[in-house]
Amino acid sequence: MNTTETCLSNKERLPVQTWKTFPIEQQPMWPCKIELENAAESIRKLPPLVSPIEVLRLRKQLANIAKDGAGFVIQGGDCAERFTDCRPEMIENKIRLLLQMAGVLRHTTGEHCVVIGRIAGQYGKPRSSNPRTEDPKKIFRGDNIHGFDVSERTQNPQRLIQGYFHSSATLNYIRTLLKDGIEDIPNFPPSWNMSFIRDAQKDMDIEAKTLGRVIDNAHNYRLLKQNEEEKITIHISHEALLLDYEDAMTREVDGKYFNLSAPFIWIGDRTRQLDHAHIEYVSHIENPVGIKVGPSMEAEELLMLLKLIWPYPERNPGKITLITRYGASKVEQCLPRHIEAVQSGGYHVVWSCDPCHGNTKVSQDNGYKTREFDDIFTEIRKCMEIHRAYGSRLGGIHIECTGEDVTECVGGCQKLTEADLPLRFESYCDPRLNYSQSMELALRLGSLLSQDDDKKITTNSFLQE
């Protein structure tokens, strides 16, 4: 195993650094460990990106969803961010999309939405190939490790410092947008870009509340914005893959450890081994943590994982979000046993559905990776139905999406086909839902979540009133 070593002895290590003594997966083969240590030390001396108060505020919101069903999580963004994405227009489009999706859900269901972006730090990617044996020029593992261009594929720990500053600049601009009122977007449906529905009115079959009621709700929510808990804001997040970076961004506050690179981080399906470093690391921090749960995870393994990460759930409610990623055809086989395992342990977790990763395929026509919109929506629908049947509740979705008009996933109201994929396939890794597909998903999801069956009309009427 590729275990990162530092100059600290076991006795000198802090409790949160015990991960350094564990086996670890999906780490770069850095050419010089001294350079890695120097880069990590430089980051450790820089200011945190978020505050412990932000971490605890988000954890409280997630605790309310987990225990009382009070709200719904919308988590989304790029599969892999690039440093070149740190541009105003791209950041604005991502934030606007997430806020509009949250607005649709809030005004069709009346529920408060917790919005978490895969943004301001998603610069590292796990891959299915082995980093110890692969040709680094063939596999892109993220800008925190090396450049996208083949000529820049030398792994360089100095890029971790670049990642910090790009995360900081992105987050700073998000905070500016929020301060300038971009969070008002969900409260003004008439200003939403709904052209994607108008272009396909004859083919749409989504049910929604009347526009009049949505506007009334928007006015009410604007009044409630005086209450901090009712605000729609954006929390940043990323996969906690490169533990040297995560460790450098971990700070001790009042005897507790906070990862202050983001309020929310998650552990992927390839790094969740019970006896490995990533699980050991997140067991020591106060942040809410997402755990990807795929078909290969046994029920007993899931229960043991919760016990390792969350031995005293009453002390820090809201810490764990389980993000299931099965594939539409495997939900019935996998989800029930996972729900039963969690219930048997008495845990209150947020259940989130990642309907993207398990539904990835390669086009036989042109070799592009893609996903079917119908498969994505079907996985969400099946998860909701099974949670209800088992006395549980789906508390969120976790999707890969973009505010750009790309052609990476097929289907949806635009009726994209595999022949359209080469037109604007811009992802550096996996395919993302484009703006139209993301908003359609939000409308369909809102219809599923809504418990009010009256006053529903077709989308055509929704647009005409």
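Helix α3 is a good place to start in this predicted model: 16 of its 22 residues are buried, so the helix is largely enclosed by the rest of the structure. Its length works out as expected, too. Taking 1.5 Å a residue, the 22 residues of α3 (88–109) should span 32 Å, and the C-alpha atoms at the two ends are 31 Å apart, which agrees. Just past the helix comes Gly110, with a positive phi of about 80°.

What α3 links is a pair of strands: together with β1 and β2 it makes a right-handed β-α-β unit. Strand β1 (residues 72–77) is buried at 6 of its 6 residues, so it too is largely enclosed by the rest of the structure. Side chains in a regular strand alternate between the two faces of the sheet. In β1 both faces turn out to be covered, with Phe72, Ile74 and Gly76 buried on one side and Val73, Gln75 and Gly77 buried on the other. The pairing of β1 with β2 (residues 113–118) is parallel and runs over 6 bridges; within it, Ile74 has Val115 of β2 as its bridge partner. Strand β1 also runs parallel to β13, joined to it by 5 bridges, and here Gly76 is partnered with Ile399 of β13.

These pairings belong to a closed barrel of 8 strands, paired in parallel, in the order β1-β2-β4-β7-β8-β9-β10-β13. From one strand to the next, the twist averages 25°. Between β10 (residues 350–353) and β13 (residues 394–400), the parallel pairing consists of 3 bridges, and Cys353 has Ile397 of β13 as its bridge partner. Helix α10 (residues 331–344) packs on the sheet, where it touches β8 (289–293), β9 (320–324) and β10, and its direction makes about 165° with that of β10.

Strand β9 is another well-covered part of the barrel, with 5 of its 5 residues buried. Ile320, Leu322 and Thr324 sit on one side and Thr321 and Ile323 on the other, and all of them are buried, so to speak of a bare face here would be wrong. Parallel pairing to β8 comes through 5 bridges, with Val289 standing opposite Ile320 of β9. To get from β8 to β9 the chain passes through helix α9 (residues 299–309), in a right-handed β-α-β crossover. On to β10, the parallel pairing of β9 takes 4 bridges, and Ile323 has Ser352 of β10 as its bridge partner. This step also goes by way of a helix: the chain crosses from β9 through α10 to β10, and the β-α-β crossover is again right-handed.

Two residues stand out for their backbone angles. Gln26, in the segment before α1 (33–44), has a positive phi of about 65° although it is not a glycine. Its relative accessibility is 9%, so Gln26 counts as buried. Ala120 likewise is not a glycine, yet has a positive phi of about 65°. Ala120 lies in the loop between β2 and α4 (158–179) and is buried, at a relative accessible area of 1%.

As for the aromatic side chains, a search of the whole structure turns up 6 aromatic pairs. One of them, Phe140 with Phe148, is edge-to-face, with 5.1 Å from centre to centre and 85° between the planes. Phe140, at 5% relative accessibility, counts as buried, whereas Phe148 is partly exposed, with a relative accessible area of 34%. Both rings join Tyr428 in one aromatic cluster.

The pair Trp310 and Tyr347 has another geometry: the ring centres are 5.6 Å apart and the planes lie at 25°, so the pair is stacked. Trp310 lies in the loop between α9 and β9 and Tyr347 in the loop between α10 and β10, so the pair ties together parts that are 37 residues apart in sequence. Both Trp310 and Tyr347 are buried.

Methods:
Residues numbered from 1 in each chain as written. Predicted model: local features only at pLDDT ≥ 70, side-chain atom pairs only at ≥ 80, totals over all residues. Heavy atoms only, no water. Pairing = 2+ DSSP bridges. Axes fitted to C-alpha atoms, helices over the stretch in contact; angles between N-to-C directions. Contact = heavy atoms within 4.5 Å. Expected span 1.5 Å × (residues − 1). Buried < 20%, exposed > 50% of the residue type's maximum accessible area, 1.4 Å probe, protein only. Right-handed = clockwise from strand over helix to strand, strands pointing away. Phe/Tyr/Trp six-rings, centres within 6.5 Å; stacked < 30°, edge-to-face > 60°.
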